[in-house]
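Please examine the following model and follow its main features step by step. The explanation moves from the core to the strands and then to a single residue.

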Amino acid sequence: MVAGIGLLGGRIARAQSSAEFRYLFYSESNGRIQVLNPTFMLHQDMGDAFGQLDLVLSNDAVSGASPTGAYPTLRVTTSTSASGHSSTNAAGAIPIVQFRDDRKAESATYSLRLGAHMPSVDLSHSVEKDYIARGSGISDAWTMFEGRGTLHYGLSWSDDTVAPVTTNLQFPKKEQDYAFGWTWVLGENDLLDVGTSRMNLHGDLNEPYLIVPVGTATVSERRPDTRTRDAYFIKQAHYFEWDGALKTTYRYYRDDWGIKAHTLDFTYDQHLDDGWILTPRLRFYSQSAASFYGAQFSVPQTYMSADYRLSAMDSILLGCSVSVDLQDNLTLSLGGTYQIQQGRNRLTPLQTAATLSIPATYAGPTTSAADVNTTTFTLGMKWRF
């Protein structure tokens, strides 16, 4: 039954308004980053003549420690952040530094059905202590072939300001995004979605607080001031007669910084008795390193970065969520994920003048700043009216 494809969104969509609150807790291993993220979402359906309005308000409270880009050594070191927080790093450990930030964000989307088209307009804004983002976009979903196919496409723009706390300067950062895709109902129980997107960035793309080891010194990282990011995806969903749906997604990513990435994601929705839905998930991810990534450089280069997010890495994520209808118009959801991530650019901690008493041949394990396990928990409540 085509109606069964409604499980792709977790349940069959209803033409009604809703208010939803979600709370997310994110934590990285080894005392790294922790995020607390409450989000409120309002969907107001004003009927065929007046369209739909979606509002989102969220706040990210981010704290913990992040790698600085410095090379690990066989001695205890101390790192100090731009805000004055200090961190003591164990011998052989990746140097990290404490920080704290808050990000407040709001967005609004208005859409209106016009015949076979569903155009939308988006506005977004977010503020943190050293970054301001302002975005807008337009998109459309064009239904064809008596509802069997939908062409979806859109454009968006962002005009951001980077304001490092270490200076009184402000730097511009601009972004243009293009997306194009096609959704096709293959049959009574199958749905296919293919698409592509391009993101063009230009302006200040550096991470202002990261350093790069060059010889015996450290300098601020230097990245190109442009970046083109392309993504291609294919999604396939199959509805089973026992009231379940398997969604499989493959995504290929590449950019002109040299990074290539593959993502394979499996999500399964199973309707149980009394309004329960169980959703296990499995995701694999792998990426190559940027052309100018390096843990250390012997001489200065035009572009240099020791940011582990630009290194080669692999990860696997396991997750599961459950939702239940407490009443006809009230749904409670709980979920969690656990991700294991390993870097492929392995580092051997350096011998230094302060560690001459330690044998020069290091026999301990290699390490990578990309070695981190992450845990997320989510709690949600949705009221339909």
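In this predicted model, the largest nonpolar core comprises 18 residues, and the members that touch the most others are Trp257, Ala290 and Leu310. The surroundings of Leu310 may be traced in detail. Beyond the residues up to four places away in sequence, Leu310 touches Trp257, Ala290, Ile259, Ala289, Phe292 and Tyr293, and also Arg223, Arg227, Gln287, Ser288 and Ser305.

The strands may be considered next, beginning with β1. Strand β1 covers residues 18–28 and runs antiparallel to strand β20, residues 372–384, with 11 bridges joining the two. Within this pairing, Tyr23 has Leu379 of β20 as its bridge partner. Strand β1 also pairs with strand β2, residues 34–45, in the antiparallel sense, here over 10 bridges. Glu20 marks one position in this pairing, for it stands opposite Met41 in β2. The two strands β1 and β2 form a hairpin with 5 residues between them, and in the turn Asn30 has a positive phi of about 60°.

A further series of strands can be followed from β14 to β16. Strand β14 (residues 226–240) pairs with strand β15 (residues 244–255) in the antiparallel sense, and 12 bridges are found between them. One of the positions to locate is Ala231, whose bridge partner in β15 is Tyr253. The hairpin of β14 and β15 has 3 residues between the strands, and Asp243 in the turn has a positive phi of about 70°. Strand β15 is in turn joined by 11 bridges to strand β16, residues 260–271, and this pair runs antiparallel. Here the bridge partner of Leu246 is Tyr268 in β16. Between β15 and β16 the hairpin has 4 residues, and Gly258 takes a positive phi near 100°.

Strand β16 also contains Asp265. Is this residue, Asp265, buried or exposed? Asp265 has a relative accessible area of 11%, and because buried means under 20%, Asp265 is classed as buried. The side chain of Asp265 makes a polar contact of 2.6 Å with the side chain of Arg281. A polar contact of 3.2 Å also joins the side chain of Asp265 to that of Thr267. When neighbours within four places in sequence are left aside, the residues in contact with Asp265 are Lys247, Thr248, Thr249, Arg281, Leu282 and Arg283. Arg281 thus appears both in this list of contacts and as a polar partner of the Asp265 side chain.

How values were computed
Residues are numbered from 1 along each chain as its sequence is written. This is a predicted model: local features need pLDDT of at least 70, side-chain atom pairs count only at pLDDT 80 or more; totals for chains, interfaces and linings use all residues. Side-chain values use heavy atoms; hydrogens and water are left out. A nonpolar core is a set of buried Ala, Val, Leu, Ile, Met, Phe, Trp, Tyr and Cys residues joined through side-chain atoms within 4.5 Å. Buried means under 20% relative accessible area, exposed over 50%, partly exposed in between (1.4 Å probe, protein chains only). Contact means heavy atoms within 4.5 Å. Two strands pair if DSSP finds at least two bridges between them. A polar contact is a pair of N or O atoms within 3.5 Å; within protein, one must be able to donate a hydrogen and the other to accept it, and residues adjacent in sequence count only if both atoms are side-chain atoms.
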